[in-house]
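Trainee: Could we go through this model together, beginning with the chain as a whole and ending on a single residue?

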Amino acid sequence: MKTTRKLVIGVTGASGAVYARRALEALRETDVETHLILSKASEMTIRYELDQSAADFAALADYRYAIGDVGAPVSSGSFKTLGMLIAPCSVKTMSEIATGVTGTLLSRAADVVLKEQRKLVLMVRETPFHLGHLRTMTQLAEMGAVIAPPLPAFYAEPQSVDNLVDQSVGRALDLFGIETSLVKRWGEDLEKGKRG
């Protein structure tokens, strides 16, 4: 029996819906099946930032679940996945996950990933962080989550915003062992003779 690799993608209302869209686009070029959860606030952000309807955005995923559908397959640990990427991740969602509050499918799916000791990657989108945010991130890291804010890598010599997005998304997908062409890797493109 063939096992399909599955990844849950959560999208919150924080600025940066482009990260999730790029992840979904890149994953279409892989063997990974995508399971999408959009928060209510993310639907507004998608319209505002991407000039796209939530339905058109969701069409990039293999499966989409309503935020209130706490009986969806991704709400159970028996539904085997690689884990979950939340891109972008709001401080509100991050805080819900840290406290074990599972009032929506998004926070429930993240809680399941943690309890099953699968990979939970949070592309937290906020700046600056106050001490409460940092403590929450520490708590989540202690619980097994990976905090991966979308920070630019200038060694990749980005020429556009798209390059910055691709690098951050590609590095996040690296954490799941998913190979894409998004990442410009350190040392791979250095010309011969440039190394000291």
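**Fold and one buried serine**

Mentor: Let us begin with contact range, keeping in mind that this is a predicted model. Among contacts in the chain between residues at least 6 apart in sequence, 78% join residues at least 24 apart.

Trainee: How many helices and strands does the chain have, and in what pattern do they follow one another?

Mentor: The secondary structure comes to 7 helices and 6 strands. Read along the sequence, these elements follow the pattern β-α-β-α-α-β-β-α-α-β-α-β-α.

Trainee: Is the chain as compact as a globular protein of its length, or not, and what is its radius of gyration?

Mentor: For 196 residues the globule rule gives 16 Å, and the value for this chain is close to that, so the chain is as compact as a globular protein of that length. The C-alpha trace spans about 55 × 45 × 35 Å along its principal axes, and buried residues make up 49% of the chain. The radius of gyration asked for is 17 Å.

Trainee: In what order do the strands of the open sheet lie, and which are the edge strands?

Mentor: The open sheet is formed by 6 strands with parallel pairing, in the order β3-β2-β1-β4-β5-β6. Since an edge strand pairs on one side only, the edge strands are β3 (63-65) and β6 (146-147).

Trainee: Which residue of β2 is the bridge partner of I9?

Mentor: Strand β1, which covers residues 5-11, pairs with strand β2, residues 32-38, in the parallel sense over 7 bridges. In β2, the bridge partner of I9 is L36.

Trainee: Which strands does helix α4 lie across, and at what angle does the helix run to β4?

Mentor: Helix α4, made up of residues 91-99, lies across β4 (83-89) and β5 (119-124). Its direction relative to β4 is given by an angle of about 145°.

Trainee: Why does S107 count as buried or exposed?

Mentor: S107 is found in helix α5, which covers residues 105-115. A residue is called buried when its relative accessible area is under 20%, and S107 counts as buried because its relative accessibility is 1%.

Trainee: What does S107 contact beyond its sequence neighbours, and which backbone nitrogen does its side chain reach?

Mentor: Leaving aside neighbours within four places in sequence, the residues in contact with S107 are E96, I97, V101 and T102. The side chain of S107 also reaches a backbone nitrogen at 3.5 Å, and that nitrogen belongs to G103.

Methods: Residues numbered from 1 in each chain as written. Predicted model: local features only at pLDDT ≥ 70, side-chain atom pairs only at ≥ 80, totals over all residues. Heavy atoms only, no water. Helix = DSSP H or I, 4+ residues; strand = E, 2+ residues; numbered from the N terminus. Buried < 20%, exposed > 50% of the residue type's maximum accessible area, 1.4 Å probe, protein only. Polar contact = N/O pair within 3.5 Å; in protein donor to acceptor, adjacent residues only side chain to side chain. Contact = heavy atoms within 4.5 Å. Pairing = 2+ DSSP bridges. Axes fitted to C-alpha atoms, helices over the stretch in contact; angles between N-to-C directions. Rg over C-alpha atoms; globule rule 2.2 N^0.38 Å.
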